[in-house]
Amino acid sequence: MTNPSWWRRNRLRLALLLPLLALAVIASGFRYTNIYRQWGKDHDLDRVATSQPYVFEEEFGTDRKFTFHRTVEVSLVGVRQITMAEDAWPAPGGVLYEARVHLKADPEQVDLASCTIQLVGADGTSYGTIGGKASREEFPSLDTNPHCTPVDAEGPTVVPFQNKVQQSKNPRPLQWEAWASIAVPATAQIRYVRISWSRPNALLLPVS
Amino acid sequence: MKLSRTTLLTAVLIIAALAIGTVVNSRLPKPDDVFSAPFVRAGTFGLVVKLRTGEVTLTSLKLTHKVSRFGTTYDNPNVWVVVNLQFTPRQRSMTLTRPSIVAADGRRFGGDQPIASPCGPAQPDFTLSCNLILETTTDALPGARLEIMADPMSGPRTPDDMAVFALDYTEQSTAAELATAQTIELGSNTEIGAR
């Protein structure tokens, strides 16, 4: 170690140690790159409506033998600020919006009664129908679902765990409006209304 | 064959190095442990802990034998730990449901609780104040820590963010708090507002 000629003889190897150390650090970051970052958006497959009405299509099912094709024409009616919806108002610092979407589908199209409607901010944040709302009730029954289909005319739905289709009380009309009330921070800039029926597929409707 | 002193010394050093290496290797985490280890975020009472899914602030922690909700009192010969925290999700709605108390001896108290108390769904960028209720035993509290996973689907063997708070209880302080504990009324989660 004390012989200075050893350092001279091994200077190339010593220099190579630095990139090797850098490679070791990068390699040890596999958890961050392969596990941690992968969870960012939970692998949602969003598609943007390039024109409206947009024909949204997807395959879904409860298992391989019980699958369906979903075809819905979707167009955005509008997003407007409201003060209250179903006995709830925005929490301090928030605003409440009503998002309305026009839908058109074959009355025999299965499973349109359960959907997700969200507002998507400029930074990609998704705001859902629950949360950000206050109510007079201590244990409020806040509107937990968007109104995806007309009441008593939901159309055919798949009965969970039974692999059979059940008809609604009344047939679903050919076209209707779905809507949701969503609280967002007053500072949020809304870019899209996001609607989906079966994850991971979703449709983004640009808000003008 | 006569071995030189240097050869013998080298052999001894190699055997010693192998022995030390074996001991060290047996104490190092295995690949599975590393892969499934959570990302620990150490927290302090009253200060924000940043997790993958949002920010958590532990505001209070109380011990009691009785909690009340919807007019029903739940009497417990062991201990109810009532954790009050504030949660502000980021990017999307989230619910915190999986707190655990880990005793100094490694016993883990968590999972599904007799009284469900989900913190959420909380809206992104809105702060929700909520109570999480855990059942544990008196002897588990001295030296225990509280763990809160960033996602309801994650557990202590999931490579996800985990907020960890040291509880600083001793046998004396546990007994003293329980001796004067009243019934804790569990209210609903409260929206604090947008930040």
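A strand, in this tour, is a DSSP run of type E with at least two residues, and strands are numbered from the N terminus. The model on the screen is a predicted one.

**First stop: one residue of chain B.** Please select B:P77. This residue belongs to strand 4 of chain B, a strand that covers residues 72-89. Is B:P77 buried or exposed? A residue counts as exposed when its relative accessible area is over 50%. B:P77 has a relative accessible area of 73%, so it is exposed.

**Second stop: a partner for a distance.** Keep B:P77 selected and add B:K66, which is eleven residues away along the chain. A line drawn between the two C-alpha atoms should read 8.9 Å.

**Third stop: the whole of chain A.** Now select chain A and display it as a cartoon. Three helices and 13 strands can be found in chain A. Its radius of gyration is 26 Å, whereas the globule rule gives 17 Å for 208 residues; chain A is therefore more spread out than a compact globule. Switch to the C-alpha trace of chain A, which spans about 95 × 50 × 40 Å along its principal axes.

**Fourth stop: surface and interior of chain A.** Display the surface of chain A. About 12300 Å² is exposed, and carbon and sulfur atoms supply 55% of that area. Of the 208 residues in chain A, 40% are buried. Consider next the contacts in chain A between residues at least 6 apart in sequence: 66% of them join residues at least 24 apart.

**Last stop: charges.** Colour the charged side chains of chain A, where 22 are positive and 21 are negative. The centres of these two sets lie 17 Å apart.

Key. Residues numbered from 1 in each chain as written. Chains lettered and ligands numbered in written order. Predicted model: local features only at pLDDT ≥ 70, side-chain atom pairs only at ≥ 80, totals over all residues. Heavy atoms only, no water. Helix = DSSP H or I, 4+ residues; strand = E, 2+ residues; numbered from the N terminus. Rg over C-alpha atoms; globule rule 2.2 N^0.38 Å. Buried < 20%, exposed > 50% of the residue type's maximum accessible area, 1.4 Å probe, protein only. Contact = heavy atoms within 4.5 Å. Areas by Shrake-Rupley, 256 points an atom, 1.4 Å probe, with all protein chains shown as cover. Lys, Arg positive; Asp, Glu negative; His and termini not counted. Charge placed at Lys NZ, Arg CZ, Asp CG, Glu CD.
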